[in-house]
Amino acid sequence: MGFVAGVAKFLALVVATAAALAAALIVVPALSHKMALLAIVASERSALITAAAIVALPLAFFGFTRGRRAPSALAVVLAVAAIGVSILPLAQARSLAKTRGVPLDFRRYLHARIDSEGPAGRPSQTVSHATVNGTPLALDVYLPRQRPATPGRAVLVIHGGFWSAGEKGEATLASQRLAELGFTVFDVQYRLSPQPNWKTATGDVKCAIGWVKQHADTPDWNVDPKKLTLLGRSAGGHLALMAAYTPGDPELPASCDAADTSVDGVIALYAPTDLPWGYRYPANRWVSDSRGKMRAFLGGAPEEVGDRYRKLSPLERVTTSAPRTLLAHGGRDQFVPHGHMGLLAARLRAMGVPCDTLFVPYAQHAFDFVVGGFSEQILEAEVLRFLKSS
């Protein structure tokens with residue numbers, strides 16, 4: 001009996017410690033880039049942490065029956081703490097979903113997976129749409145299984161990566177899901193180097209918009225050129241906003257022959273929107289050198305190229321004719337502070353531009369990469385409402 005109790009104490013302490021450490025990732029600032037990525041999973045899969053902590057409790061209580069009680073007592077404390085923290089995202093998700101009228105699917109939650117297929121994830125086709133200064137640019141196309149009888153809505157996806165990393169196809173599962181729901185998705189490639197690439201990256205996105213509009217009636221997809229929506233994540237969200245708010249700007253031209261780069265709507269997920277403000281209030285320095293990334297993208301610090309920081313801020317480019325906008329951000333974002341969303345939303349509303357926002361208080365940066373998680377389910381519902389609203 002003593003041996004069994006000892007094993008129970010050991011297992012209780014190990015499981016409770018692991019659960020407590022995982023739960024800490026939800027609320028404690030990460031000390032490295034890898035820890036920040038783990039925090040995304042911990043927050044979006046916190047029910048598993050809760051379950052592990054609950055398992056540790058009976059093991060700990062059993063360990064009280066023999067020998068020293070201190071290990072079992074410590075296990076109980078750690079397990080209770082883990083439960084208290086890990087249940088917060090679940091409670092907040094339930095409250096947010098109720099407010100938004102979104103039914104949560106617990107089965108999808110249990111089968112949630114990380115969107116990690118990357119560029120290998122099988123688009124319907126890949127088309128080369130331009131070659132700029134010797135660099136070929138391509139679009140991954142995800143087609144609905146049933147092609148629409150009439151021209152349908154196209155969604156152009158722009159990946160993130162602080163303007164210097166990442167590639168098209170990073171959110172393959174999300175693009176496939178949108179295609180399954182009836183939308184034609186074009187995943188955009190843009191140039192990451194050489195830096196500074198503020199002009200080329202924005203120009204490449206505009207090039208893709210213009211090409212899709214020019215080829216809207218291609219039999220393979222048959223989309224409505226008047227119903228194009230941009231969807232960008234992180235730095236891709238910034239580029240999406242810039243492209244949407246500056247059609248025809250001679251200082252930010254398309255990098256290929258594209259007469260019309262206007263869009264019907266833009267969706268920006270956890271995107272930087274005010275670059276001078278973002279430089280003053282950077283991300284968690286342990287997870288990313290956001291100031292260094294901005295200097296590389298723009299070619300200097302604000303005191304050197306301050307006018308460029310303002311011109312490349314979506315906040316500064318809003319006009320009364322800007323397209324309708326959906327913004328989403330997590331309250332625990334450690335890469336792009338969530339204040340960016342509030343600043344842009346206030347400017348859009350002041351200018352009379354239709355703007356919807358989704359603030360997920362417990363969510364980390366890139367929370368939607370846990371496909372099937374409660375945050376992703378809520379976001380999906382809001383994106384679908386936005387796409388179907390006109």
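Is tyrosine 142 buried or exposed? Let's start there, as a warm-up. Tyrosine 142 sits in strand β3, which covers residues 135-142, and this tyrosine is buried, with a relative accessible area of just 3%. To get a feeling for distance, take threonine 202 as a second point: the two residues are 60 apart in sequence, and their C-alpha atoms are 22 Å apart in space. Please keep in mind throughout that we are looking at a predicted model.

Now to the sheet that β3 belongs to. Eight strands form an open sheet, in the order β2-β3-β5-β4-β6-β7-β8-β9, and the pairing is mixed. Which strands stand at the edges? They are β2, residues 125-132, and β9, residues 355-360; each has a single partner strand, so one side of each has no neighbour in the sheet. On average, neighbouring strands here are turned by 20° against each other, if we ignore direction. As a reminder from your lectures, strands of a sheet pair through backbone hydrogen bonds, either parallel or antiparallel.

Let's zoom in on β4, residues 152-158. How many of the residues of β4 are buried? Seven of its seven, so to speak a fully covered strand in the count. On one side, β4 pairs with β6 in the parallel sense over six bridges. Five bridges join β4 to β5, residues 184-188, and those two also run parallel. Valine 157 shows both pairings nicely: its bridge partner in β6 is leucine 231, and in β5 it stands opposite aspartate 187.

Another residue of β4 to click on is valine 155. Its relative accessible area is 0%, so it counts as buried. What is valine 155 in contact with, once we leave aside its neighbours within four places in sequence? The list is Leu178, Phe183, Thr184, Val185, Phe186, Thr229, Leu231 and Leu387. By contrast, arginine 113 is 42 residues from valine 155 in sequence, and the two C-alpha atoms are 23 Å apart.

At the β9 end, β8, residues 324-330, is joined to β9 by six bridges, and the two run parallel. In that pairing, glycine 330 stands opposite valine 360 of β9. Cysteine 355 is buried too, with a relative accessible area of 12%. Then look for helix α13, residues 374-388: this helix lies across β4, β6, β7, β8 and β9, and runs at about 175° to β8.

Next, a pair of helices. Helix α7, residues 198-214, and helix α8, residues 235-245, pack at an angle of about 65°, with their axes 9 Å apart. Their crossing is right-handed. On the α7 side, the contact is made by Ala201, Thr202, Val205, Lys206 and Ile209; on the α8 side, by Leu239, Met242 and Ala243. Sorted by type, those contact residues come out as six nonpolar, one polar and one charged. The spacing along a helix is worth remembering: an α-helix has 3.6 residues a turn, so residues three or four places apart point the same way.

Helix α7 also brings us to the disulfide. A search of the whole structure finds one. It is formed by cysteine 207 and cysteine 256, with their sulfur atoms 2.0 Å apart. Where do the two cysteines sit? Cysteine 207 is in helix α7 and cysteine 256 is in the loop between α8 and β7, 49 residues apart, so the pair links distant parts of the chain. The torsion about the S-S bond is about 110°, so this disulfide is right-handed. Cysteine 207 is buried at 0% relative accessible area, whereas cysteine 256 is partly exposed at 24%.

Last, some backbone oddities. Most residues other than glycine have a negative phi, and most peptide bonds are trans. Here, the bond from serine 193 to proline 194 is cis, with omega near -5°. Another cis bond joins glutamine 195 and proline 196, with omega about 5°. Proline 194 lies in the loop between β5 and α7, and proline 196 is placed in the loop between β5 and α7 as well.Asparagine 222, in the loop between α7 and β6, has a positive phi of about 50°. Alanine 366, in the loop between β9 and β10, has a positive phi too, near 60°. Asparagine 222 is partly exposed at 23% relative accessibility, while alanine 366 is buried at 15%.

Thanks for listening!

Technical notes:
Residues numbered from 1 in each chain as written. Predicted model: local features only at pLDDT ≥ 70, side-chain atom pairs only at ≥ 80, totals over all residues. Heavy atoms only, no water. Axes fitted to C-alpha atoms, helices over the stretch in contact; angles between N-to-C directions. Helix = DSSP H or I, 4+ residues; strand = E, 2+ residues; numbered from the N terminus. Left-handed = near helix turned anticlockwise from the far one by under 90°. Contact = heavy atoms within 4.5 Å. Nonpolar A, V, L, I, M, F, W, Y, C, P; charged D, E, K, R; others polar. Buried < 20%, exposed > 50% of the residue type's maximum accessible area, 1.4 Å probe, protein only. Pairing = 2+ DSSP bridges. Disulfide = S-S within 2.5 Å.
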